[in-house]
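Hello,

Here is the structure I promised to pass on to you. Please open it next to this email, and then read on for what turned up in it.

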Amino acid sequence: MTATRTLIKAESSSAEHFGAINETFVFRLVWADPTETPSPRAAVASLINQGLEGIAARPGRELVLDSTLVRAGLTTRTVDAQCNDAGGLDVIVGCTRYNWGESGVGDPAIRMMVTPTTQTVQAWRANPIVPDLSGTGLSEFDSDDWAKADSVAGTGLNEEAGSAPTEAAPDDGTYRPAGDIGGTPIDWNGNPQNILIPIMRVEIDFMRRGGSINTNGTFTEDALPFSVLTNYLGKRNSLPFLGFATGSLLFDGLNRSRLDGEWTMCTASFLWHPWRHAIQVPRPTFGTKAGTLKYEEDPRNIQHTRSVYWMQPYLQGKDFNTVTTAGDPGLWTTLELVSLKGFAGVI
C-alpha cells in the first residue's frame, strides 16, 4: 500500500567547502496500515537502491522525487530514516550543491592569490636588458625573433656591434657584439653565478565537477577534461592577462583535490618571470679576443664572457582570457573571468 508522503522540512545552509551549500530535506511517510511500515534499515536500503515511495536518494547521485530531479547538481550525501510518532518513518536526506553563480545569478566561487618570492637562476649578467618585442613585428613565440631582436629598433638591445678589439687596437673593455643583453658581468672567468631574481606565483582556485554517474545510469563527462589542460600546460600568455604583460606568465600546473563525491577544488598555478622565462646563454667565443673581456689592472685577473644572448624555451602561447563556450571548454566561465579581472583591478 502506498504511504502518504509529506515534506515537513527543507533548509539550506553554507557548507564547510568554499562555494558549497548544504540542503536538508525531511519527508514524513505514514502508511495506513502501520504493519506495512518498513524498518529504518530496510527503508535506507530501498532509498539508495530502487527508491522508496517516490524518493530515490543514492549518495553521490542527484536527488529524485517521482522520477524528477529536485534540482540539477543537487547531490545526495547522507540518507537516514527514523521512526516517527505517527507510526511511520521520517526520511532525512542531506544534499550538497556547488553551483554559485549559476545561470548568471550571484557571484561565482573563485578566488585568486598572488605570492611574491624569488627563484635561483644561473646568470652571466645582472640587470640585463629584456627585449620588448611588442609593436616591432617580432613574435614573442619565435626563437629566431628572440635571436634577431638586436637588429630591430625599439627592442632595447644593442643594435650596433661597435669596434672589435684587434692587435692594433687592444681591448678597451667596451666592445659588445650586436644582440648582447647588456647588464653587469658577474661571471667568473666565464662561469655563471647563481643569483636570486624576483618572481610571482599566481594561484587561482575554482571548482569543477568531475566525471559522475547520473541517477538514470548515464555518465557525465568531467567538466575539466585533461584535453583542456594540455592546451594550457607549459604555455605562456599570448595576450595580456590580469595585468601581466604578454609572455610573462607561464601556466605550470593545476592541482585538483576532492571535496566530496564528484566535486573537486581546482588550483591553477601560474608563474610570472621578469625575463619572460627566457634564459641567458653565453656565445661560444670564450677564450678569444672577441669573446672575453678582461679588466686591466685587476689583480684578480678575471675575464668575463663578452657576449650573452637570450634563449626562449617556452615558444607556445595561449590566450588565458579564453572562456568556456558550448562544446569548447576553457579554464574559466565568463562570470569567473569577470571576477578575476575585478580582483586584479583591470576591469
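Below are some notes on the aromatic rings, the cysteines and one helix.

One thing to keep in mind from the start: this is a predicted model.

**Aromatic rings**

Rings are a good place to begin, since a pair of them is described by the distance of the centres and the angle of the planes. The model has 11 aromatic pairs. Take Phe-241 and Trp-332: the ring centres are 6.3 Å apart and the planes meet at 10°, so this pair counts as stacked. Phe-241 belongs to the loop between strand E14 (236–237) and strand E15 (249–258), while Trp-332 belongs to the loop between strand E21 (317–318) and helix H4 (334–344), so the pair ties together parts that lie 91 residues apart in sequence. Both rings come from buried residues, because the relative accessibility is 1% for Phe-241 and 0% for Trp-332, and the cut-off for buried is under 20%.

Phe-251 and Phe-270 make another pair. Here the centres are 5.2 Å apart and the planes stand at 55°, so the pair is tilted. It links distant parts of the chain, with Phe-251 in strand E15 and Phe-270 in strand E16 (residues 263–272), 19 residues apart. Phe-251 and Phe-270 are both buried.

How do these pairs fit together, and which residues form one aromatic cluster? The cluster consists of Phe-206, Tyr-232, Phe-241, Phe-251, Phe-270, Phe-320 and Trp-332. One of its members also has a charge for company: Lys-318 lies over the face of Tyr-232, at 5.2 Å from the ring centre.

**Cysteines**

The disulfide count is 0. Are Cys-83 and Cys-95 buried or exposed? Cys-83 has a relative accessible area of 60%, so it is exposed. Cys-95 has 2%, so it is buried.

**Helix H4**

Which residues of H4 are buried? They are Glu-336, Leu-337, Ser-339 and Leu-340. These residues cover an arc of only 160° around the axis, so they sit on the same side of H4. The general background is that an α-helix has 3.6 residues a turn, so residues three or four places apart point the same way. The buried residues of H4 pack against strand E8 (110–123) and strand E11 (193–209). Just after H4 comes Gly-345, with a positive phi of about 70°.

Happy browsing, and do write back with any questions.

Best wishes

Note on methods:
Residues numbered from 1 in each chain as written. Predicted model: local features only at pLDDT ≥ 70, side-chain atom pairs only at ≥ 80, totals over all residues. Heavy atoms only, no water. Phe/Tyr/Trp six-rings, centres within 6.5 Å; stacked < 30°, edge-to-face > 60°. Helix = DSSP H or I, 4+ residues; strand = E, 2+ residues; numbered from the N terminus. Buried < 20%, exposed > 50% of the residue type's maximum accessible area, 1.4 Å probe, protein only. Lys NZ or Arg CZ within 6 Å of the ring centre and 35° of its normal. Disulfide = S-S within 2.5 Å. Arc of directions from axis to C-beta. Contact = heavy atoms within 4.5 Å.
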